[in-house]
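Visitor: I should like to be guided through this model by question and answer. May we begin as soon as it is displayed?

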Amino acid sequence: MTYHPKSDFLRVMMERGFLADCTDYQSLDDALLAGVVPAYIGYDATAKSLHVGHLMNIMVLRWFQKTGGKPITLMGGGTTKVGDPSFRSDERPLLNAAAIDANINGMQQVFAKYLSYGDGATDAIMLNNAEWLDGLNYLDFLRDIGRHFSVNRMLSFESVKSRLDREQSLSFLEFNYMILQAYDFLELNRRYGCLLQMGGSDQWGNIVNGIDLTRRVLDHEIYGLTTPLLTTSDGRKMGKSANGAVWLNGDMLSPYEFWQFWRNTTDADTGKFLKLFTELSIDECDRLGALEGSEINAAKILLANEVTTLLHGADAAAAAEATAREVFEKGGAGDDLPTATITAAEAAEGVSIVQLFVRAGLAKSGKEAKRLIAEGGARRDDEAVTDPGLVLRDGDFAAPVKLSAGRKRHALIRLDD
């Protein structure tokens, strides 16, 4: 179906590539044109920071607010105690209340960079579903809410079916998750007039459950909208780097490393990522994405600067670009590079080059560091490292030691003061 939206929000979603599916395009479009619509996305508190995999939906909330909607960021203080089984092969580790609260505090820092919170009509609000989930009476919940759910239908959802088809255990605890998420939508509609739930396309079944439950209990019409699951042009899941997750909190991943992740975007993904993760015009994104050869590098730098500015500020983006130019163009050691330290005692005793690559985060293990050296990808102060048995001592650390893994990953080793 080709739908031509009248509302600014749906038009932006379609033009920029954010839209996978919608439960009712016409009715949602009409609601968006009629007045301020509250909409939410839920975030379970499974880590102390959100990562790049969450960034597309954070940008959706940002565009929603910019086009006149009221965003709700729902923290899963209650649902995290259960764990979303969607498309997972095993059960999530259960977190205690203190760990969940700590994770929520870490995650909340990011949203204020993208959304404006307050008491105004289109100001964002932040909620925690523990507010209504923690106090539920089990028998009342079963009678009032559970009776609206068909187990046959729940078993047919792809997120559950794929787990069972592989004969992998699905606990009763996890099976309840979709009921709790549906109940979230019902409560948000009842308490805040929320008309729209958004999320990744893997959440389609959970979203539809919430719409159906709200219609049955309150007889209200509400809507769902999903974004595509984002993969890079080579088929990898978005949000992973060679060092693991690309965190959005600066204390878990430096602004330089964040900038470098975007600078390393493949040519084929540059135009798409400009549309999804920056606010440059569609025409400009298309123009930049069509560049070839050395010219595409300028587009990647612009992408890195724009995305980093939104999250960490313009100064951090400029510093990251300056460091990159010093490291790549001038062979310098850029003060903004990720840094690891060693003690004077360690320096006196001597530290192997293999250990240093692991300490710097450029290799996950000694075995990986040795392989990097054997394959010619390891450099120390821009000189190739060929001996995995090399040990650095005292005088070697008089100045910061720059280590490189390949052409794009660098770190400094400094002597602890």
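Visitor: Which strands does helix α10 lie across, and at what angle does it run to β2?
Guide: This is a predicted model. In it, helix α10 comprises residues 177–192 and lies across β2, β3, β4, β5 and β6. Relative to β2, the helix runs at about 145 degrees.

Visitor: In what order do the six strands of the open sheet with mixed pairing stand?
Guide: The edge strands are β1 (21–22) and β4 (125–128), each of which pairs on one side only. The order therefore begins with one edge strand and ends with the other, since an edge strand has a partner on one side only. Read across the sheet, the order is β1-β6-β5-β2-β3-β4.

Visitor: Which residue of β5 is the bridge partner of Tyr40?
Guide: Strand β2 (residues 38–44) pairs with strand β5 (residues 196–200) in the parallel sense, over two bridges. The bridge partner of Tyr40 in β5 is Gln197.

Visitor: What angle does the direction of helix α4 make with that of β3?
Guide: Helix α4 (residues 97–114) packs on the sheet and touches β2, β3 and β4. With the direction of β3 (70–76), the direction of this helix makes about 160 degrees.

Visitor: Is Gly135 buried or exposed?
Guide: Gly135 is found in the loop between α5 (130–133) and α6 (138–144). Its relative accessible area is 70%. Because the cut-off for this class is over 50%, Gly135 counts as exposed.

Visitor: What kind of aromatic pair do Trp262 and Phe273 form?
Guide: Trp262 lies in helix α12 (residues 255–263) and Phe273 in helix α13 (residues 267–277), so the pair ties together parts that are 11 residues apart in sequence. Both Trp262 and Phe273 are buried. Their ring centres are 6.0 Å apart, with 80 degrees between the planes. Because planes over 60 degrees apart fall in this class, the pair is edge-to-face.

Visitor: Which residues form one aromatic cluster with Trp262 and Phe273?
Guide: A search of the whole structure finds 10 aromatic pairs. In the cluster, Trp262 and Phe273 are joined by Phe258, Phe261 and Phe277.

Visitor: Which residue of β15 stands opposite Val401?
Guide: A second topic is the open sheet of five strands, in the order β9-β15-β14-β11-β12. β9 (339–342) and β12 (383–384) stand at its edges, each with a single partner strand, so one side of each is left without a neighbour in the sheet. Strands β14 (residues 401–405) and β15 (residues 409–415) run antiparallel and are joined by five bridges. Opposite Val401 in β15 stands Ile413.

Key
Residues numbered from 1 in each chain as written. Predicted model: local features only at pLDDT ≥ 70, side-chain atom pairs only at ≥ 80, totals over all residues. Heavy atoms only, no water. Pairing = 2+ DSSP bridges. Helix = DSSP H or I, 4+ residues; strand = E, 2+ residues; numbered from the N terminus. Contact = heavy atoms within 4.5 Å. Axes fitted to C-alpha atoms, helices over the stretch in contact; angles between N-to-C directions. Buried < 20%, exposed > 50% of the residue type's maximum accessible area, 1.4 Å probe, protein only. Phe/Tyr/Trp six-rings, centres within 6.5 Å; stacked < 30°, edge-to-face > 60°.
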